[in-house]
Amino acid sequence: MIHYNVVAAVVCHNGKYLCMQKGKTKFEYTSYKWEFPGGKIEPGETPQQALARELMEEMEYPVEVGEELVTVNHEYPDFSITMTAFLCTPKAEADGFKRREHADSKWCSQEELKGLDWAAADVDVVRILL
Ligand SMILES: Nc1nc2c([nH]c(=O)n2[C@H]2C[C@H](O)[C@@H](COP(=O)(O)OP(=O)(O)OP(=O)(O)O)O2)c(=O)[nH]1
């Protein structure tokens, strides 16, 4: 089965977490699910470099990549991922973000995180934030 190494940013600002909703995807089980912004690590990149690059590409959002929160492994029906989540904060010069690839976005309190329909791999990431 194809395997991807993925990084995800738990961006925290004013006590809330940035959550992004996917649009329609190739697979029904990831379509319209909520996730943390990020993506696949490319050859030669550190996880932190990949994360900063992905947030610039997807959202034009400069973030400081901080501590590693958790690494989860998940097998979807068609591929598997190892995903490491990092706590991130917007850089001082960041003036909001653009939504280039996602269907929706939301800043959520801890309580509100529970109400979203998360991608299956994210459930264990969300759990440690509660
Ligand atoms: N970014 C991100 N991806 C996640 C999360 N949860 C989860 O299952 N995934 C899955 C969805 C994707 O299949 C994969 C990440 O790939 P991606 O499509 O976002 O990566 P990418 O931007 O490098 O994509 P591409 O260039 O291959 O189109 O990991 C999450 O919280 N954030």
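Student: How much space lies in the largest pocket?

Tutor: About 670 Å³ of space lies in the largest pocket of this predicted model.

Student: What makes a residue part of the lining of the largest pocket, and how many residues line it?

Tutor: A lining residue has an atom within 4 Å of a grid point of the pocket. The largest pocket is lined by 28 residues; Lys22, Glu35, Gly39, Lys40 and Phe79 are those that lie nearest its centre. By class, the lining holds 14 nonpolar, 6 polar and 8 charged residues.

Student: Which element gives the most to that lining?

Tutor: Strand 1 gives the most, with 5 residues. At least two residues each come from strand 1 (2-13), strand 4, helix 1 (47-59) and strand 6.

Student: Why is the ligand said to sit in the largest pocket?

Tutor: The term requires that more than half of the atoms of a molecule lie within 2 Å of the grid points of the pocket. The ligand sits in the largest pocket, and therefore it meets that condition.

Student: Which residues of the shell are closest to the ligand?

Tutor: The ligand is surrounded by 14 residues, and the closest are Phe36, Lys40, Glu54, Tyr76 and Asp122. The shell divides into 7 nonpolar, 2 polar and 5 charged residues. Strand 4 (38-40) and strand 6 (79-90) each supply at least two residues of this shell.

Student: Why is the pair formed by the ligand and Lys40 called a polar contact?

Tutor: An oxygen atom of the ligand is 2.4 Å from an N or O atom in the side chain of Lys40. A polar contact needs a pair of N or O atoms within 3.5 Å, so this pair qualifies. The protein covers 74% of the 620 Å² of accessible area that the ligand has on its own.

Technical notes
Residues are numbered from 1 along each chain as its sequence is written. This is a predicted model: local features need pLDDT of at least 70, side-chain atom pairs count only at pLDDT 80 or more; totals for chains, interfaces and linings use all residues. Side-chain values use heavy atoms; hydrogens and water are left out. A residue is near a molecule or strand if one of its heavy atoms lies within 4 Å of it. A polar contact is a pair of N or O atoms within 3.5 Å; within protein, one must be able to donate a hydrogen and the other to accept it, and residues adjacent in sequence count only if both atoms are side-chain atoms. Accessible areas come from the Shrake-Rupley method with a 1.4 Å probe; for residues, only the protein chains shown count as cover. On a 1 Å grid over the protein atoms alone, a cavity is a set of points where a 1.4 Å probe fits but cannot get out, and a pocket is an open set with protein on both sides within 12 Å along at least five of seven lines; lining residues have an atom within 4 Å of a point. Helices (H or I, at least four residues) and strands (E, at least two) are DSSP runs, numbered from the N terminus. Ala, Val, Leu, Ile, Met, Phe, Trp, Tyr, Cys and Pro count as nonpolar, Asp, Glu, Lys and Arg as charged, and the others, Gly among them, as polar. Grid points are joined across faces, edges and corners, and a volume is the space filled by probe spheres set on the points.
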